[in-house]
Protein chains: 2
Amino acid sequence: MNYCNHCGARIERRIPEGDNRLREVCTACGYIHYQNPKIVAGCIAEWGDRILLCRRAIEPRYGLWTLPAGFMENGETALEAAVRETQEEANARVEVTGLFALLNLPHVSQVYMIFRAEVIAVDGEPGPESLEVQPLDETSIPWDRLAFPTILHALRFYYSDRRAGAFGFHMGDIIKNGDGASFVARRASPEELAPGAIASAHR
Amino acid sequence: MNYCNHCGARIERRIPEGDNRLREVCTACGYIHYQNPKIVAGCIAEWGDRILLCRRAIEPRYGLWTLPAGFMENGETALEAAVRETQEEANARVEVTGLFALLNLPHVSQVYMIFRAEVIAVDGEPGPESLEVQPLDETSIPWDRLAFPTILHALRFYYSDRRAGAFGFHMGDIIKNGDGASFVARRASPEELAPGAIASAHR
């Protein structure tokens, strides 16, 4: 960031008075350009026993598999964003059944909100952001060709819950370590505070 | 927004190729200035039978009462943001017990994440953003002088759950109507899908 959005003058990085963080501040009009984390919303869209996965037609991670998900837009709710992205990327109309996972990615300043949803209809070809869309079951998911660690961990929780016979709500952080990333559980609900639940979520 | 952050040229509002929304696009370098919703994170900080409320020393809503909460910063998690804001505004150190409410405000493009937390210690005077901090119980809360509808609805859920003897997770939207705002429940969990629960959440 080099120039002020408001007056076009140069900006500088400094800590404004009364603040304690470096901000982009205009040297002429003093406007402070705050930058904040973005929300990525998406769905685990269930179609019978299978779920919809999309193969990415765009960078980053071209050709790898993902859940339909994308940046929440101004003026919409997280649930609306998840439903819209599922329509755009998988061309599927869904009805959301609940919030399933809330995952922080502090190293890229993103928060993922993954909902569970039921597919009402799939309307032909996928959108331009997907090479293909496939309804897959656990054994047919390309586990070694998933686009993002958030997708890997959300799907692990999903199948773990499914085997256990009950879907929970999963909150935590995806922490980057080298080329990989691990999940660290954060307190989501009294049930998840049980030592067994927290231990099993560290993987 | 008038000028490009990157090259300083004029921006225009148009729909970029392959997009379907109006964006701020640079007329010279083509950079697209996306704008996305912001996350506000805060705590219902429990101190015995009471919770901490802050009286705002800043605009908007100077002099009105609020939960300690503020904009999540880049590089932190939502839980870290809630704990930090509680430290800054109420000068209280807390331990989070769980996510309590996730409230969308599409008319201002914000998402509130309210956590429940236990106060470990209160360290003297409140921060510069608060005129005063008080531990209050349900009957002493200034219900007609709360700063934001998110705070009102979060506190209503809190005391309703407390009377019922169990804390749930509340997800929904705060929709502006005239001078007021009402809460509309969105599907959060199978339990909240029970007709009685949804009906009681519309208020």
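Q: Which rotation superposes chain A on chain B in this model?
A: A superposition of two copies can be read as a turn about an axis plus a slide along that axis. In this predicted model, chain A lands on chain B after a rotation of 180° with 0.0 Å of shift along the axis, at an RMSD of 0.0 Å. The two copies are therefore related as by a two-fold rotation axis.

Q: Through what surface do the copies meet?
A: Here you compare the interface residues of one copy with those of the other. For chain A, 100% of the interface residues are also interface residues in chain B, so the copies meet through the same surface.

Q: What is the secondary structure of chain A?
A: Happy to count them for you: chain A has three helices and twelve strands. Its C-alpha trace spans about 60 × 45 × 30 Å along the principal axes, and 50% of its 203 residues are buried.

Q: What share of contacts in chain A join residues at least 24 apart?
A: Start from contacts between residues at least 6 apart in sequence; in chain A, 55% of these join residues at least 24 apart.

Q: Let's zoom in on one residue. Is A:Gln110 buried or exposed?
A: A:Gln110 is buried, because its relative accessible area of 19% falls under the 20% cut-off. This residue lies in strand β9, which covers residues 110-122 of chain A.

Q: Which residues does A:Gln110 touch?
A: Leaving out residues up to four places away in sequence, A:Gln110 touches A:Lys38, A:Val40, A:Phe71, A:Leu103, A:Asn104 and A:Leu105.

Q: How far apart are the mean positions of the positive and negative charges of chain A?
A: Average the positions of each sign, then take the separation: for the 21 positive and 27 negative charges of chain A, the mean positions are 6 Å apart.

Terms used. Residues are numbered from 1 along each chain as its sequence is written. Chains are lettered from A and ligands numbered from 1 in the order in which they are written. This is a predicted model: local features need pLDDT of at least 70, side-chain atom pairs count only at pLDDT 80 or more; totals for chains, interfaces and linings use all residues. Side-chain values use heavy atoms; hydrogens and water are left out. Helices (H or I, at least four residues) and strands (E, at least two) are DSSP runs, numbered from the N terminus. Buried means under 20% relative accessible area, exposed over 50%, partly exposed in between (1.4 Å probe, protein chains only). Contact means heavy atoms within 4.5 Å. Lys and Arg count as positive and Asp and Glu as negative; His and the chain ends are not counted. The place of a charge is taken as NZ of Lys, CZ of Arg, CG of Asp or CD of Glu. Copies are superposed by least squares on the C-alpha atoms of residues with pLDDT of at least 70 in both.
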